[in-house]
Amino acid sequence: MKTVKVSGKTIEEALNEALEQLEAANKDEIDYKVIEEPSKGFLGFIGTKPAVLEAWLKPDPIDESIQFLQKVIQDMQVNVDVEVKKRGRETELSLIGEDLGVMIGKRGKTLDSLQYLVNLVANRHSDRYARIVLDAENYRERRQEALEQLAERLAAKAFRTGEKVVLEPMNARERKIIHAALQEKEGVETHSDGKEPRRHVVITPLS
């Protein structure tokens, strides 16, 4: 990590010097500590001391998350690469390779756990939240389509039988997909019930 020691008549002036030396665009990209506070000295000019700072670039959250993920892949001894895609405010880390099944896990649980850890790593030094989505060969999209189809089938069952249908426990993201899929569906309504990690969606027919 590159660190510079800079000085200036004021802390602001010293910070501007640090930005220039570190080639940073703004103060959000650096951290610093004050070594010496500025002093005007006797009569405002005798014994005047400048502000002295040590400054360094903050770690890039995306780079940190990629390094963490690559270390996990190495420890798991799987043949997987990481591809970075920008999607608006989100960054998608897409896993590509031959051993994706073990990275995805049953119903995406391993992938979800890795995504949670990747976001923790990315945001541990950042003042602005970096949203990272971890995917593997469009698993997220395929899973969403499967959940939407499941929602339609079970809604039809609830409407046909007149009895509520209780789905298996799901994480918050997947429950949201079910709710959204049936939000405009006539004849049924949905709500979540239970406590994590057993929280689930209930589809209820409307009389």
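So, let's start with Ser65: leaving aside residues up to four places away in sequence, Ser65 touches Leu93, Val118, Val121, Ala122 and Ile132. This is a predicted model, by the way, so keep that in mind throughout. Ser65 is found in helix H2, and with a relative accessible area of 0%, under the 20% cut-off, the residue is buried.

Now, what does H2 pack on? Helix H2, residues 61-76, packs with H4 at an angle of about 140°, and the two axes are 8 Å apart. That makes H2 oblique to H4. You might be tempted to call that antiparallel, but the label roughly antiparallel needs an angle over 145 degrees. As for handedness, the H2 and H4 crossing is right-handed. On the H2 side, the residues involved are Pro61, Glu64, Ser65, Phe68, Leu69 and Val72, and they meet Leu114, Leu117, Val118, Val121 and Ala122 in H4. So there's our Ser65 again, as part of that helix pair.

Staying on H4, which spans residues 109-123, have a look at Leu111. Buried or exposed? Leu111 has 0% relative accessibility, so we count this one as buried. If you skip residues up to four places away in sequence, Leu111 touches Leu95, Met103, Ile104, Leu134, Asp135, Ala136, Tyr139 and Arg140. Take Ala136 from that list: Ala136 and Leu111 are 25 residues apart along the chain, and their C-alpha atoms are separated by 8.2 Å.

Okay, on to the strands. Strand E6 covers residues 131-136, and 5 of its 6 residues are buried, so call the strand mostly covered. Which strand does E6 run parallel to? That's E5, residues 90-97, joined to E6 by 6 bridges. If you want a pair to click on, Thr91 stands opposite Ile132 in E6. And Ile132, you'll remember, is one of the Ser65 contacts.

Then there's an open sheet of 3 strands, in the order E1-E3-E2, with antiparallel pairing. E1 (3-8) and E2 (30-36) stand at the edges with a single partner strand each, so one side of each has no neighbour in the sheet. On average, neighbouring strands here are turned by 25° against each other, ignoring direction. Between E2 and E3, which is residues 51-57, there are 6 bridges, and one to look up is Asp31, whose bridge partner in E3 is Trp56. Lying across E1, E2 and E3 you'll see helix H1, residues 11-22, which runs at about 145° to E1.

Last stop is the C-terminal side of E6. Helix H5 (residues 139-161) packs with helix H6 (residues 172-181) at an angle of about 50°, axes 9 Å apart. These two are therefore oblique to each other, and H5 passes H6 in a right-handed crossing. From H5 we have Arg140, Arg143, Gln144, Leu147, Glu148, Ala151 and Glu152, meeting Arg173, Glu174, Ile177, Ile178 and Ala181 in H6. Arg140 should sound familiar, since it also turned up among the residues that Leu111 touches.

One annotation to finish: an unreviewed UniProt entry lists residues 129-156 as "coiled-coil region". In the model, that span is 64% helix and 21% strand, and its end C-alpha atoms lie 40 Å apart.

Notes:
Residues numbered from 1 in each chain as written. Predicted model: local features only at pLDDT ≥ 70, side-chain atom pairs only at ≥ 80, totals over all residues. Heavy atoms only, no water. Buried < 20%, exposed > 50% of the residue type's maximum accessible area, 1.4 Å probe, protein only. Helix = DSSP H or I, 4+ residues; strand = E, 2+ residues; numbered from the N terminus. Pairing = 2+ DSSP bridges. Axes fitted to C-alpha atoms, helices over the stretch in contact; angles between N-to-C directions. Contact = heavy atoms within 4.5 Å. UniProt positions renumbered as here; feature names shortened; annotations may be inferred. Parallel < 35°, antiparallel > 145°, perpendicular 65-115°, else oblique. Left-handed = near helix turned anticlockwise from the far one by under 90°.
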